[in-house]
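Work through the exercises below with the sequence and the model at hand. Each task is followed by a solution in steps.

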Amino acid sequence: MSSSKEKNKRILVVDDETDVLEFLRIYLETMGWEVTAAPTVDQAFEELAARAYFLVITDIAMPEMDGYEFINEVRARGDLCQIAVMTGFGYNPKHTLVKINKTMKFPCLFKPFDTGKVMDAVNGAHESYHSDIS
Ligand SMILES: [Mg+2]
């Protein structure tokens, strides 16, 4: 796992639903980002070990490990990527996820995606990741 930063345009998308992976890969590539899609957390860890990504966008509900456990593991391994989470639960102000989102330091994207919010999250992450490297 990469514990040092490197200037890059790479985004790793992690989701057990392949249609979501495909949508985000095509959309983000169209916007000029370099995208890798990982359908399992094991593949995501392999990717993170192989190269630096400025951003990981992870699903919350996944079969092997949920998104929060995945993020904790990414951090435990020392990766310095920015993180965004996504969920298909939809926006509900009473939902635990929305409450959690208010205390989390990373953006939460609700499916179906508002592409403007996706771009804001990606641009913000790119800026934050690169703020202390040149
Ligand atoms: Mg899922």
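**Exercise 1: helices over the sheet**

Helix α5 (residues 115–130) lies across β1, β3, β4 and β5, at about 160° to β4. The model is a predicted one, in which local features need pLDDT of at least 70, side-chain atom pairs count only at pLDDT 80 or more, and totals for chains, interfaces and linings use all residues. Residues are numbered from 1 along each chain as its sequence is written.

Task: state which strands helix α3 lies across and at what angle it runs to β3.

Solution. Step 1: fix the terms. Helices (H or I, at least four residues) and strands (E, at least two) are DSSP runs, numbered from the N terminus. Axes are lines fitted to C-alpha atoms, for helices over the stretch in contact, and angles run from 0 to 180 degrees between N-to-C directions. Contact means that C-beta atoms, placed from the backbone, lie within 7 Å.
Step 2: read off the helix. α3 (residues 67–76) lies across β1 (10–14), β3 and β4, and runs at about 150° to β3.

**Exercise 2: strand order**

Task: give the order of the five strands in the open sheet, and explain why β2 and β5 each have one side without a neighbour.

Solution. Step 1: two strands pair if DSSP finds at least two bridges between them. The order is β2-β1-β3-β4-β5, with parallel pairing.
Step 2: β2 (34–38) and β5 (108–110) are at the edges with a single partner strand each, so one side of each has no neighbour in the sheet.
Step 3: from one strand to the next, the twist averages 20°.

**Exercise 3: the pairing of β3**

Task: find how many bridges join β3 to β4, and name the residue that stands opposite Thr 58 in β4.

Solution. Step 1: β3 (residues 55–59) and β4 (residues 82–87) run parallel and are joined by five bridges.
Step 2: in β4, Val 85 stands opposite Thr 58, and Gln 82 stands opposite Leu 55.
Step 3: the chain gets from β3 to β4 through α3, in a right-handed β-α-β crossover (with the strands pointing away from the viewer, the path from the first strand over the helix to the second runs clockwise).
Step 4: β1 is joined to β3 by four bridges, again in parallel. Thr 58 is the bridge partner of Val 14.

**Exercise 4: buried faces**

Task: decide which residues of α2 are buried and which are exposed on the face turned away.

Solution. Step 1: a residue is buried if 20 or more other C-beta atoms lie within 10 Å of its own, exposed if 12 or fewer, and partly exposed in between; C-beta atoms are placed from the backbone.
Step 2: in α2 (residues 41–50), Val 41, Ala 44 and Leu 48 are buried. They cover an arc of only 50° around the axis (taken from the directions from the helix axis to the C-beta atoms), which puts them on the same side of α2.
Step 3: the face turned away carries Asp 42, Glu 46, Ala 49 and Ala 50, which are exposed.
Step 4: the buried residues pack against β1, β2 and α3.
Step 5: Phe 45, also in α2, is partly exposed, with 19 other C-beta atoms within 10 Å.

Technical notes
Two residues are in contact if their C-beta atoms, placed from the backbone, lie within 7 Å.
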